[in-house]
Amino acid sequence: MNSFASSSYIVSILLLYAFLPSISSSSSLTISIFDTIRHSDPYKRLTHLATTSIARAKHIKNPQNAPNPTTTPLSPFSGAYSISLGFGTPPQIIPFVMDTGSSFSWFPCTKRYLCRNCSSVSTKSISSFIPKQSSSAKVVGCANPKCGWVHKSFDPNSSCQDCQLTETNCTQICPPYIILYGLGSTGGIAMVETLTMPHEKIEDFLVGCSVFSSNQPAGVAGFGRGNSSLPSQLGLKKFSYCLISHKFDNTEKSSFLLMDAESDSGSKTENFSYTPMLKNPVGSENSALSDYYYVGLRKITVGGKKVEILHKDLSPDSNGDGGTIVDSGTTFTYMNQAVFDLVADAFSDQVKDYTRAEDVEAITGLRPCFDVAGHVTVKMPELKLHFKGGAEMALPLENYFIAVSDGGKSFVCLTAVTDDTLLGPELVGGPSVILGNFLMQNFHVEFDLRNERFGFKKQFCS
């Protein structure tokens with residue numbers, strides 16, 4: 001396995017979606033209502049964010065619903081963060097959505113790449129990889145062990161019937177993949193290619209050459225825990241990133257992604273709080289559940305008061321359902337119905353200065369929302385997450401409430417979604433809490449793979 005020559009690399013993270021300002025946290029938090037969503041139709045934008053977040057949760061919770069065993073959940077284009085990587089000889093620079101909730105990486109591929117329902121961008125503006133322009137591009141053969149990284153539960157004896165497994169030059173290719181995600185899909189063939197990093201070239205890196213997509217104009221860089229993920233193929237010991245505030249949408253502002261392949265230290269990064277990274281008790285290597293980064297969320301407090309959530313709603317059960325994961329590809333945090341109702345009710349019970357904006361809730365699917373028209377600042381109870389090992393994440397208000405102004409109306413909404421948010425009935429199975437990237441704005445988060453722990457500290461990331 002290839003690894004980096006130096007101890008770390010910094011890759012620019014370009015923000016794809018953005019909104020709000022950073023503030024300091026206290027027991028009573030404030031947010032300026034003048035720093036709100038700037039959009040011609042703010043209701044439509046909020047509804048889109050809520051819809052894509054719950055659609056993302058649907059496929060994270062039920063990856064087995066896809067018709068292909070290679071299916072892994074991928075993020076919608078809006079609300080994510082991207083990195084640029086160079087593939088091929090000579091390198092072709094391609095933007096990717098950074099996704100800790102999946103492992104397989106793929107890019108738009110060939111001049112005939114087709115993207116349906118990608119009205120947010122022009123097809124001509126999509127950066128596609130052109131295999132014919134690379135001297136190192138190779139299609140993955142059916143007998144190649146990496147084909148099994150693409151197709152989980154892959155059996156070459158039944159799937160590679162057109163070649164002898166003892167042959168070294170089998171011409172049958174690895175079966176095409178189809179990946180489903182929240183609101184669309186992508187499909188193509190697996191290939192191995194040279195990935196160029198600042199100080200080293202990594203040969204035979206497994207990546208997908210997608211020839212069609214729906215609702216997915218950008219490729220995905222999988223940072224999950226599977227064999228095909230970027231951290232696994234690069235032999236990373238840890239990686240970390242700082243998510244710039246969502247208010248910098250479509251600007252040149254950027255933060256960093258740090259990838260470390262040489263750290264053998266067990267020491268903790270200064271000023272970071274840590275909690276153990278957990279694994280799903282029944283998640284085998286052939287299960288999408290094994291791709292996820294689970295953490296032990298033990299308690300949630302609102303305004304300093306414990307939300308009385310049952311232990312069974314925060315821990316995986318004997319079937320592997322439940323528990324909490326960290327997912328950079330999800331925008332708004334998902335909570336199953338039992339957890340969400342208690343958290344939402346805690347805010348509703350404690351917020352006395354503003355009336356509920358039920359009309360906004362009906363349009364956007366978010367709740368609770370509050371009418372804050374006429375207020376220069378807004379105070380809300382503090383939201384704090386308490387993790388296994390004693391780590392606590394006290395969240396700035398802009399990380400869990402979003403402010404919107406539309407004409408003479410101003411309102412704020414809790415940025416969390418649940419089973420019945422816009423898309424219908426309760427979602428069954430999978431994680432019960434998905435901590436999205438909106439929650440992690442202006443936090444430096446670290447995935448310490450060597451020591452199997454998740455760390456974080458509050459930091460101004462821009």
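**Close-ups of a predicted model**

With -90 degrees about its S-S bond, the cysteine 142–cysteine 160 link is left-handed. This is a predicted model, and the legends below go through it view by view.

**View 1. Cysteine 142 and cysteine 160 are joined in a disulfide.** Their sulfur atoms sit 1.9 Å apart. Cysteine 142 is in the loop between β7 (138-139) and α2 (147-150), while cysteine 160 is in the loop between α3 (156-159) and β8 (177-181), so the bond ties together parts 18 residues apart in sequence. Both ends are tucked away: cysteine 142 is buried at 1% relative accessibility, and cysteine 160 is buried at 2%. If you go hunting through the whole structure for links of this kind, you end up with five disulfides.

**View 2. A disulfide connects cysteine 242 and cysteine 461.** The S to S distance is 1.9 Å. Here the torsion about the S-S bond is about -70 degrees, so this disulfide is left-handed. Cysteine 242 belongs to strand β12 (residues 238-242) and cysteine 461 to the segment after β30, so the pair ties together parts of the chain 219 residues apart in sequence. Cysteine 242 is buried, with a relative accessible area of 0%; cysteine 461 is buried too, at 5%.

**View 3. Cysteine 369 and cysteine 413 make a disulfide between two strands.** The sulfur atoms are 2.0 Å apart, and the torsion about the S-S bond is about 110 degrees, so the link is right-handed. Cysteine 369 is in strand β21 and cysteine 413 in strand β26, 44 residues apart. The two cysteines are also bridge partners across the strands, and both are buried. Strands β21 (residues 369-371) and β26 (residues 409-414) run antiparallel and are joined by three bridges.

**View 4. Zooming out from that pair shows an open sheet of four strands.** The order is β20-β21-β26-β25, and the pairing is antiparallel. Why does one side of β20 and of β25 have no neighbour in the sheet? Strands β20 (355-356) and β25 (401-406) stand at the edges with a single partner strand each, so one side of each stays free of a neighbour in the sheet.

**View 5. Glutamate 361 sits in helix α6 and reaches out to arginine 356 and cysteine 369.** The helix covers residues 358-364. The side chains of glutamate 361 and arginine 356 share a polar contact of 2.7 Å. A polar atom of the glutamate 361 side chain also lies 2.9 Å from the backbone nitrogen of cysteine 369, the cysteine that is disulfide-bonded to cysteine 413. Is glutamate 361 buried or exposed? With a relative accessibility of 12%, glutamate 361 counts as buried, because the cut-off for buried is under 20%. Leaving out residues up to four places away in sequence, glutamate 361 touches Arg356, Leu366, Arg367, Pro368 and Cys369.

**View 6. Strand β30 pairs with β14 and with β29.** Strand β14 (residues 273-278) runs antiparallel to β30 (residues 453-458), with four bridges between them. Threonine 275 has phenylalanine 454 as its bridge partner in β30. Strand β29 (residues 443-448) is also antiparallel to β30, this time over six bridges, and histidine 444 stands opposite lysine 457 of β30. Now look at the turn: the β29 and β30 hairpin has four residues between its strands, and glutamate 452 takes a positive phi near 50 degrees.

**View 7. Proline 108 lies in strand β5 and is buried.** The strand runs over residues 106-108, and proline 108 has a relative accessible area of 1%. Which residues does proline 108 contact, apart from its neighbours within four places in sequence? They are Tyr113, Ile126, Ser127, Ser128, Phe129, Ser210, Pro217, Ala218 and Gly219. For one of them, serine 127, the C-alpha atom is 7.0 Å from that of proline 108, and the two residues are 19 apart along the chain.

**View 8. Two stretches of the chain have pLDDT below 50.** Across the chain, the mean pLDDT is 81, and 79% of the residues reach 70 or more. Over residues 1-28 the pLDDT stays under 50, and the model has 128 contacts beyond four places in sequence for this stretch. Residues 64-77 are also below 50, with 52 contacts in the model beyond near neighbours in sequence.

Notes. Residues are numbered from 1 along each chain as its sequence is written. This is a predicted model: local features need pLDDT of at least 70, side-chain atom pairs count only at pLDDT 80 or more; totals for chains, interfaces and linings use all residues. Side-chain values use heavy atoms; hydrogens and water are left out. Buried means under 20% relative accessible area, exposed over 50%, partly exposed in between (1.4 Å probe, protein chains only). Contact means heavy atoms within 4.5 Å. pLDDT is the predictor's confidence in each residue, from 0 to 100. Two strands pair if DSSP finds at least two bridges between them. A polar contact is a pair of N or O atoms within 3.5 Å; within protein, one must be able to donate a hydrogen and the other to accept it, and residues adjacent in sequence count only if both atoms are side-chain atoms. A disulfide is a pair of cysteine sulfur atoms within 2.5 Å.
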